[in-house]
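Open the model in your viewer and keep the selection tool at hand. We will go stop by stop.

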Amino acid sequence: MTAMPSRKPPKFDPLRFVEPGARATSRAALIAEIAYFRAQSRGFEPGHEEEDWLAAEAEVERRLSGSGS
């Protein structure tokens, strides 16, 4: 019996779903989504909500300005 090769899921990038003209109105939703995934990756450990929000906000700003990957 042969083992199946493990596959890594594709990197999740919520900005790929946002049209350029809609980015300003979707900013808060993107921040919330990224903050949620940060919390999820930590098992929703309490006490990091503000840290998650600020990091997500910085990530969205970096990506929208074109300096993110």
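## First stop: Arg42

Select Arg42, which is partly exposed at 25% relative accessibility. This is a predicted model. Arg42 forms a salt bridge with Asp52, and the closest N and O atoms are 2.6 Å apart. The pair links distant parts of the chain: Arg42 sits in the loop between α1 and α2, Asp52 in helix α2, ten residues apart.

## Second stop: Asp52 and Arg38

Now select Asp52. Is Asp52 buried or exposed? Asp52 counts as buried, because its relative accessibility is 2% and the cut-off for buried is under 20%.

Add Arg38 to the selection. The side chains of Arg38 and Asp52 meet in a salt bridge, 3.5 Å from N to O. This pair, too, links distant parts of the chain: Arg38 belongs to helix α1 (residues 23-41), Asp52 to helix α2 (residues 49-64), with their positions 14 residues apart in the count. Arg38 is partly exposed, at 31% relative accessibility.

## Third stop: along helix α2

Move to Arg63 and Glu59. Their salt bridge has its closest N and O atoms 2.7 Å apart. Both lie in helix α2; they are four residues apart, so about one helical turn separates them. Arg63 counts as buried at 13% relative accessibility. Glu59 is buried as well, with a relative accessible area of 17%.

Next, select Arg27, Glu57 and Glu61. Salt bridges that share partners join these residues into one network. The structure holds five salt bridges.

## Fourth stop: the aromatic rings

How many aromatic pairs does a search of the whole structure find? It finds two. Select Tyr36 and Phe37 for an edge-to-face pair: the centres are 5.4 Å apart, with 80° between the planes. Then swap Phe37 for Phe44. Tyr36 and Phe44 form a tilted pair, 5.4 Å centre to centre, with 55° between the planes.

Show Tyr36, Phe37 and Phe44 together: they form one aromatic cluster. Tyr36 is partly exposed at 42% relative accessibility. Phe37 is partly exposed at 35%, and Phe44 is partly exposed at 45%.

## Last stop: the whole chain

Clear the selection and zoom out. The chain has two helices and zero strands. Of its 69 residues, 20% count as buried. Switch on the surface: the chain exposes about 5500 Å², and carbon and sulfur atoms supply 58% of that. Among contacts between residues at least 6 apart in sequence, 43% join residues at least 24 apart.

Methods:
Residues are numbered from 1 along each chain as its sequence is written. This is a predicted model: local features need pLDDT of at least 70, side-chain atom pairs count only at pLDDT 80 or more; totals for chains, interfaces and linings use all residues. Side-chain values use heavy atoms; hydrogens and water are left out. Rings of Phe, Tyr and Trp (its six-membered ring) pair if their centres lie within 6.5 Å; planes under 30 degrees apart count as stacked, over 60 as edge-to-face and the rest as tilted. Buried means under 20% relative accessible area, exposed over 50%, partly exposed in between (1.4 Å probe, protein chains only). Contact means heavy atoms within 4.5 Å. Accessible areas come from the Shrake-Rupley method with a 1.4 Å probe; for residues, only the protein chains shown count as cover. A salt bridge is a side-chain nitrogen of Lys or Arg within 4 Å of a carboxyl oxygen of Asp or Glu.
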